[in-house]
Amino acid sequence: MTMAVAGALFTLLALVAVIVTDLHDRDFPRALGAQSRLGLDFGESRLSDREAFAALTLMDADWNLGLVRIAPDLVGDSDERIFVALNDGSLPETFRWFSGTDAGRVVGRDRLANSSPDGSYLVTGDAARLAELDSRLSSAGVRVTRVDASVTDSLWFAMREGGFAAAVLAAFALIAALALFWLSMKARSRALRVLAGCPTLRIQAQDLGGFAATLLVPAGAVTLAAAACVGLSRGWLYVGVFVKALAGVEVAVIAVSLLVALAMSVSAWPSATMLATRQPAVRSLRSAAVVVQALTFLLVVGAAGPAWSAYRSSSALAAEMAQWKNLADQVAVQFGMSDDEMTSLEPRVGNLVRAGESAGAVAYSYTFSDETWEGDFGDYSAITLVNQRWLDLMTTNAPPDALTPVPYERVSSMLSREFGETFSLWSRSQRSGGEILSGFGYLRPAGGFRMPVAQGGGGSLSFLDDVLVAVMPSLHQTFDDSNLTSMVSTRNILFTGVAATQALIEREGLSAEPLSGRGIKGDLSVVYVAEEGILRAQFMAYVVWLMNLALTALVVAFTVATAISALITALLHAKRDLPLRLSGRPWARILQSRVARELLAGAALVSLLALFQRPDSMGPLLVAAMFGMFVVPLSHLWAANRCFSGVSRRRI
């Protein structure tokens with residue numbers, strides 16, 4: 001039984017190692033030979049997007065770095081990343097991920113024609129001159145973050161995530177229960193060896209050595225079997241990374257298990273009084289069994305809430321990913337010019353917005369939160385200004401009644417107080433702010449729908465269920481050219497389609513040649529807005545899946561610990577239980593006092609945990625508590641039956 005439970009434990013660790021290997025492969029794809037990852041931020045540099053890409057491409061070619069830019073797939077429906085090679089090289093057009101999902105793709109540099117140079121780049125070639133690349137980019141004002149491929153770093157990163165840490169914690173709980181079971185099996189032989197005068201150190205060495213061997217055998221078997229499965233199913237390329245990750249967690253767990261076993265062994269050493277009075281040898285383990293049972297019960301109940309929260313968080317992230325996917329074809333106009341040059345182009349930018357609105361190709365959202373605005377929005381945490389195009393994009397998958405109308409009379413005083421003067425300043429016409437605000441339509445989310453809105457400054461989405469949505473009939477008629485230009489530059493005004501937006505720019509005289517003819521040295525570029533959002537939203541399933549797996553392991557650990565504790569209790573009460581059972585008394589009456597005592601203790605622990613943890617939802621905690629209350633009487637019934645059978649057959 002010990003080896004079987006240890007095998008289950010190391011199988012859990014193998015699953016952890018699989019996910020660590022998958023994370024490592026997604027950070028540094030083995031099929032591409034990725035050795036390092038560079039995070040580049042050109043925000044403080046004076047390089048335009050074209051100059052930045054040209055410099056990177058030149059250095060990549062000269063130094064054979066094999067740079068590839070990580071980007072989301074904005075065309076397909078897989079939500080996967082693609083890799084853009086800055087120069088033609090020996091990289092395959094498609095490759096297989098460790099996870100075995102959709103094949104990864106390497107595409108040409110044309111994919112970056114409408115992308116910002118900011119982002120993550122993989123080094124798949126010669127990394128000898130990366131320090132020189134870092135120095136040259138830093139001197140140009142580029143912020144460079146370098147991360148080298150390391151299985152250890154991937155493992156530590158995984159351990160910092162709640163779900164992965166919970167899985168390792170589950171392994172430690174299970175190993176403590178296993179150590180307790182091992183010592184309970186050895187309790188009688190240990191007492192006989194102590195009675196025979198065997199030295200203490202020899203007894204400890206024999207017991208711990210046997211326990212270590214019991215762990216090492218299934219650990220080695222699971223490692224070999226898992227490595228073979230990984231090699232056959234995913235490719236032998238990944239076996240090295242997988243074995244390093246698995247060996248790291250196995251060594252840690254085995255080391256902790258031996259320390260726990262040693263501590264239990266010292267605390268439960270047979271005393272002379274116990275031997276003289278012929279008490280059961282497992283009596284000394286009773287305290288340790290109670291502690292392990294209580295701790296594992298607390299872990300089970302305590303992990304239920306975080307597992308449920310992680311599931312809900314994953315659902316929110318899935319919704320966020322879906323909304324970013326709806327923006328996959330939306331682009332922003334990026335200004336690569338001085339403030340004076342941008343000011344001189346404000347009328348043309350205003351015409352650009354007007355033409356885009358006429359074509360139904362402009363989406364707009366600008367949100368004021370009560371914290372940043374420092375105002376009083378009444379029942380709402382934020383006010384967001386949107387147009388109909390934004391609503392169409394963000395409610396594509398929403399139910400028909402996701403937004404409910406709000407009469408203007410209900411919010412007019414608040415809006416006039418907070419935004420009346422602001423809209424008077426922003427207005428294109430001489431209308432007052434109150435007059436402008438009265439021409440908007442107003443909505444609010446209903447039925448638990450969380451409205452995706454863009455923050456002031458653009459670039460990120462917030463999902464709010466208590467936001468007042470002000471629908472503007474026309475951007476160009478509401479805002480003057482100066483404010484429209486500012487909102488375009490902050491990505492609060494988006495355009496649909498690269499080709500269509502580029503055509504609008506050329507039609508309004510904002511392309512490179514007309515601008516150069518007007519003496520403007522800078523230029524306007526069209527960039528996708530959803531790239532970083534989609535990449536940020538892709539990491540969500542791992543933590544939830546492993547958190548639930550960890551909860552399962554904790555359930556097993558608690559069940560084992562409870563069964564061992566019940567078995568020790570049954571052995572201690574065997575002399576009392578045997579005649580009562582032979583006289584015809586039912587097990588329910590025989591066991592009621594010890595079961596009631598443990599159930600009351602469990603209820604007290606649940607109450608204390610709920611008091612200190614304060615979970616958002618009590619449902620998962622109560623379900624876990626009910627499981628514990630169900631396992632305790634079953635364990636006592638099993639243990640009492642086992643002891644009764646053993647005494648009847650003269651085996652105890």
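Helices (H or I, at least four residues) and strands (E, at least two) are DSSP runs, numbered from the N terminus. The model is predicted: local features need pLDDT of at least 70, side-chain atom pairs count only at pLDDT 80 or more, and totals for chains, interfaces and linings use all residues. Residues are numbered from 1 along each chain as its sequence is written, and side-chain values use heavy atoms, with hydrogens and water left out.

**Exercise 1. Place Ser635 in its helix, state whether it is buried or exposed, and list its contacts beyond the sequence neighbourhood.**

Step 1. Ser635 belongs to helix α24, residues 618–648.

Step 2. Buried means under 20% relative accessible area, exposed over 50%, and partly exposed in between (1.4 Å probe, protein chains only). Ser635 has 8% relative accessibility and therefore counts as buried.

Step 3. Contact means heavy atoms within 4.5 Å. With neighbours within four places in sequence left aside, Ser635 is in contact with Thr562, Ala563 and Ala566.

**Exercise 2. Do the same for Ile175, and give its C-alpha separation from Ile254.**

Step 1. Ile175 sits in helix α5 (residues 162–195).

Step 2. Its relative accessibility is 0%, so Ile175 counts as buried.

Step 3. Not counting residues up to four places away in sequence, Ile175 touches Leu9, Leu215, Val253 and Ser257.

Step 4. The C-alpha atoms of Ile175 and Ile254 are separated by 8.1 Å, while the two residues are 79 apart along the chain.

**Exercise 3. Work out the strand order of the seven-stranded open sheet, and explain why β4 and β7 each have one side without a neighbour.**

Step 1. Two strands pair if DSSP finds at least two bridges between them. The order in this sheet is β4-β5-β3-β2-β6-β1-β7, and the pairing is mixed.

Step 2. β4 (94–95) and β7 (143–148) are at the edges with a single partner strand each, so one side of each is left without a neighbour in the sheet.

Step 3. As an example of one pairing, β2 (residues 67–72) and β3 (residues 81–85) run antiparallel and are joined by five bridges. Ala71 stands opposite Ile82 in β3.

Step 4. Now add the helices. Axes are lines fitted to C-alpha atoms, for helices over the stretch in contact, and angles run from 0 to 180 degrees between N-to-C directions. Helix α2 (residues 49–63) lies across β1 (36–41), β2 and β6 (119–123), at about 135° to β2. Helix α3 (residues 130–139) also packs on the sheet, where it touches β1, β6 and β7 and makes about 160° with the direction of β7.

**Exercise 4. Identify the residues with the most contacts inside the largest nonpolar core, and the helix that gives the most to it.**

Step 1. A nonpolar core is a set of buried Ala, Val, Leu, Ile, Met, Phe, Trp, Tyr and Cys residues joined through side-chain atoms within 4.5 Å. The largest one has 47 residues, and Leu415, Phe479 and Ile493 have the most contacts inside it.

Step 2. Helix α14 (residues 408–426) gives the most to this core, with seven residues.

Step 3. Outside four places in sequence, Leu415 is in contact with Ile383, Tyr408, Gly420, Leu437, Tyr442 and Leu468.

Step 4. A second, separate core has 43 residues, among them Val222, Val230, Ile564 and Ile568.

**Exercise 5. Describe how strand β15 is enclosed, which way its side chains point, and which strands it pairs with.**

Step 1. All six of the six residues of β15 (residues 467–472) are buried, so the strand is largely enclosed by the rest of the structure.

Step 2. In a regular strand the side chains alternate between the two faces of the sheet. In β15, Val467, Val469 and Val471 point one way, and Leu468, Ala470 and Met472 the other way.

Step 3. β10 (residues 382–387) runs parallel to β15 and is joined to it by six bridges; Ala382 has Val467 as its bridge partner.

Step 4. β12 (residues 441–445) pairs with β15 in the antiparallel sense over three bridges, and Tyr442 stands opposite Ala470.

**Exercise 6. Find the polar contact of the Glu418 side chain.**

Step 1. Glu418 is in helix α14. At 15% relative accessibility, Glu418 counts as buried.

Step 2. A polar contact is a pair of N or O atoms within 3.5 Å; within protein, one must be able to donate a hydrogen and the other to accept it, and residues adjacent in sequence count only if both atoms are side-chain atoms. The side chain of Glu418 makes such a contact with the side chain of Trp373, at 3.1 Å.
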